[in-house]
Amino acid sequence: MAVLIAAASAAVSALANFVSPMIAAVLGLAAGGLAGAGTLWWEERRERDDARRTWEAAVTTGPASGVDGATATSSLLAAVNPDQQVVPFSPLRGADVRALVHWCRSSDSRRVWRVAGDAGTGKTRLLLQAAHTLTEEGWRCGWVRRGKAADAVAAAALRGGSGPVLLVVDDADTQPDPGDLAAMLSAVANEPPEVRLRVVLAARDFGGWWGGLRERMDPAAHAGLKPPGSTHLTPMGSDVPGQQQLFQRAVNHYADHFGGAPPAVTLTGITNATPIAELHAAAASVAFHGLSGSVPISLALSRLFQSEETWWQSDAANWNVTFPLPVLQAAIAAAALIGADDKAQFVRRLRCLPGLASSPDERLSELALWLHQLYAQRGGEWLDPHLPARLAERYIASCVASRPSLPSALASAALLT
């Protein structure tokens, strides 16, 4: 028995001597593998984070950033912005949005689509609807920041493994750097065929600026870029009764938005060419003010602008910005027409405006900061208020008509960098 115990003890000892190094080796391999896997995981996460940051620096999730629901309740202009979508998308534009979405889904070799139409005809609303449909199908849709068009294509390529991409360039004809758009088109033309990338450019027209843009492209890329598809939007109502129906539909939705009953109203002074943006603005004004009977569109829009001015004054007082209304009007006109890259630049521009030449820098800084927070900003800019272009232009035109010195002041401000 003693011999057996001794033999067993020797065997256990030998096994232990063998197993211990083996366990150590296995644990070492496991530890090394885990470390390698951890390093790989961390690098992949860092790459994803870098790609996300690059994407967010080049695009926004909609036509504006910083949209405030409270502002859309207080401001009639903000309430009629297309991204508020108070009025549901019209079936009259159904064929246009279907064509755009079908092109995105298809294997069509054309990678660029153009959407043209006068201010207020619904270009942005059409693009919002298309982007919404595609997002629900797994597309990543980005609204290109101003001056970041080429970066947006590069950002899309970095995130290429996460599904098809739609890039939207709204107001393409007003982009500050045509070279950036040309570089974007060149990059799009050079993307491999298997990359699912679509680019939509929206503008009032595709005239001389578009030809100049193509000339700026790399010649080889220009030769390889297929002719773009196109959509041209015209006023939605085919006649005045059709326009009345569009107006009444909008009145019902805006009345619900403002928590009231739709007034019995007929809009006068319209034609079959009245833009949908003006019909919706008139509807919002009528619903907000409870106007009834026969209401001229000029009166409805005038009441809308008066309400906006009252809100400006109230909001400015809350921010301790104490300037008379004519100064606020000029400052808002400068913000909408010229904008600014930062506060310091806009302070310099404000000093060109009537009534502000001798104002202390501190007061001008307060005015600039107030304007910065008043509305959401288009394309993530520091100051480029997101407003319906047709309405903003109509309001600024009325300000200019009553103040002959304003156009030259705005022109001088625009020259300052």
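## Cysteines and a sheet: two worked exercises

Cys104 is buried, at a relative accessible area of 2%. Keep in mind that this is a predicted model.

**Exercise 1.** Work out how many disulfides the structure holds, and where Cys104 and Cys141 stand in that search.

*Solution.*
- Step 1: Take the cut-off, which asks for two cysteine sulfur atoms within 2.5 Å.
- Step 2: Look around Cys104. The nearest cysteine sulfur belongs to Cys141 and is 7.5 Å away, and Cys104 is in no disulfide.
- Step 3: Turn the view round. For Cys141, the nearest cysteine sulfur is that of Cys104, again 7.5 Å away, and Cys141 is in no disulfide.
- Step 4: Widen the search to the whole structure, and the count is zero disulfides.
- Step 5: Check the surroundings of Cys141. Its relative accessibility is 15%, so Cys141 counts as buried, the limit being under 20%.

**Exercise 2.** Place Cys141 in the sheet: find which residue stands opposite Cys141 in β5, then trace the strand order.

*Solution.*
- Step 1: Start with strand β4, residues 140–144, which runs parallel to β5, residues 165–169, and is joined to β5 by four bridges.
- Step 2: Across from Cys141 you will find Leu166 in β5.
- Step 3: Now follow the open sheet through its six strands, β1-β4-β5-β6-β3-β7, where the pairing is mixed.
- Step 4: Go to the edges. β1 (59–60) and β7 (229–233) each have a single partner strand, so one side of each lacks a neighbour in the sheet.
- Step 5: Finally, add helix α5, residues 123–136. Helix α5 lies across β3, β4, β5, β6 and β7, and runs at about 155° to β4.

Technical notes
Residues are numbered from 1 along each chain as its sequence is written. This is a predicted model: local features need pLDDT of at least 70, side-chain atom pairs count only at pLDDT 80 or more; totals for chains, interfaces and linings use all residues. Side-chain values use heavy atoms; hydrogens and water are left out. Two strands pair if DSSP finds at least two bridges between them. Helices (H or I, at least four residues) and strands (E, at least two) are DSSP runs, numbered from the N terminus. Contact means heavy atoms within 4.5 Å. Axes are lines fitted to C-alpha atoms, for helices over the stretch in contact, and angles run from 0 to 180 degrees between N-to-C directions. Buried means under 20% relative accessible area, exposed over 50%, partly exposed in between (1.4 Å probe, protein chains only).
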